[in-house]
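The exercises below treat strand pairing, burial, contacts and pocket lining. Each task sentence is followed by a solution in steps; please attempt the task before reading on.

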Amino acid sequence: KRFETFAIANNSNRLAFSTENGNVLITSLASNQVEYTFKATTFINDLIFGKDDTEIITVGKQGAIHIFDLRTRRCVHKCHDEGSLETTALSVNSSHSLLSTGSSSGVVNVYNFNDLKISDAPKPIKSILNITTKITTTVFHPKNEIIAFASKMKKDAAKIAHLPSFQVFRNFPLAQKSALHYIQDIDFSSDGKFMGVGNDKGDVSLFRLKHYVRNATTTE
């Protein structure tokens, strides 16, 4: 079997892998053994652990979102990512109140997570349309005040938006300072003061977020 993507539990005691046939394998890091397997109805592009590591959320083809309960070991909810033919990226914020998805068309949807759990066709709080190629990364800032998203299909295709206004910052990326090239991943430091951007060349650009370091309002 070929593993497509993986996620690490918040308490770091488990790994979740997805395979090319839509299976999700839950593996214990203590024993290095597969504990059990879930089956999604579509190919899985991304997955994450939910709050308290009691859930696995997956996204994939046909815009399908699945939520699996690790206690009952079954799928407890399935819904559709609005407007998506294929959902390619996924993240939740630190309070697990918001969930974001990225699609093959470049749209980023942000949902109220509780609303998504009870609807077959949830409506996003906001759809962000600033990128036109497949979204491959979406991540929330630890303080839930920023969302970053990117596409590795186009050079320098990354954006940062303020929450809850969803205003996209115009000062990122700054092409005249450095080219980010084809972005593979973005993440924030646990204290929220820094943002790392990795590219296809193996380089990582580290940005200091002045607002969280010196109470300023711009990125550097």
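**Exercise 1. Identify the residue of β10 that V92 stands opposite, and place the pair in its sheet.**

Step 1. V92 faces L99 in β10. The model is a predicted one, in which local features require pLDDT of at least 70 and side-chain atom pairs pLDDT 80 or more, whereas totals for chains, interfaces and linings use all residues. Residues are numbered from 1 along each chain as its sequence is written, and side-chain values use heavy atoms, without hydrogens and water.

Step 2. β9 and β10 (residues 98-103) run antiparallel and are joined by 5 bridges. Strands (E, at least two residues) and helices (H or I, at least four) are DSSP runs numbered from the N terminus, and two strands pair if DSSP finds at least two bridges between them.

Step 3. The open sheet has 4 strands in the order β9-β10-β11-β12, with antiparallel pairing. Its edge strands, β9 and β12 (126-128), each pair on one side only. With direction ignored, neighbouring strands are turned by 20 degrees against each other on average; axes are lines fitted to C-alpha atoms (for helices over the stretch in contact), with angles from 0 to 180 degrees between N-to-C directions.

**Exercise 2. Determine which strands lie at the edges of the sheet β5-β6-β7-β8, and trace the pairing across it.**

Step 1. The 4 strands of this open sheet pair in the antiparallel sense. β5 (44-49) and β8 (74-80) are the edge strands, each pairing on one side only, and the twist from one strand to the next averages 20 degrees.

Step 2. β6 and β7 run antiparallel with 5 bridges between them, and I56 has F68 in β7 as its bridge partner. These two strands form a hairpin with 3 residues between them, where Q62 in the turn has a positive phi of about 65 degrees.

Step 3. β7 (residues 64-69) is joined to β8 by 6 bridges, again antiparallel. H66 stands opposite K78, while I65 has C79 as its bridge partner. The hairpin of β7 and β8 has 4 residues between the strands, and R73 adopts a positive phi near 60 degrees.

**Exercise 3. State how many residues of β7 are buried, and describe its two faces.**

Step 1. Of the 6 residues of β7, 6 are buried. Buried means under 20% relative accessible area and exposed over 50%, with partly exposed in between (1.4 Å probe, protein chains only).

Step 2. In a regular strand the side chains alternate between the two faces of the sheet. In β7, A64, H66 and F68 point one way, and I65, I67 and D69 the other.

**Exercise 4. Explain why I57 and T58 count as buried, and list contacts of each.**

Step 1. Both I57 and T58 belong to β6 (residues 55-60). I57 counts as buried because its relative accessibility is 0%; T58 counts as buried because its value is 1%.

Step 2. Outside four places in sequence, the contacts of I57 (heavy atoms within 4.5 Å) include D46, I48, I65, I67, L90, L99 and F113. I57 and D46 are 11 residues apart in sequence and 8.5 Å apart in space, C-alpha to C-alpha.

Step 3. With the same sequence neighbours left aside, T58 is in contact with V24, I44, D46, L47, A64, I65, H66, F68 and L90.

**Exercise 5. Name the strand that gives the most residues to the lining of the largest pocket.**

Step 1. The pocket has a volume of about 1,200 Å³. On a 1 Å grid over the protein atoms alone, a pocket is an open set of points with protein on both sides within 12 Å along at least five of seven lines, whereas a cavity is a set where a 1.4 Å probe fits but cannot get out; lining residues have an atom within 4 Å of a point. Grid points are joined across faces, edges and corners, and the volume is the space filled by probe spheres set on them.

Step 2. Among the 39 lining residues, D46, I48, L90, S91 and T138 are the closest to the centre. β1 (3-8), β5, β9 (87-92), β13 (137-140) and β16 each give two or more residues. β5 gives the most, with 6.

Step 3. In β13, T137 and V139 point one way and T138 and F140 the other, all of them buried. β13 pairs with β14 in the antiparallel sense over 4 bridges, with T137 opposite A150.
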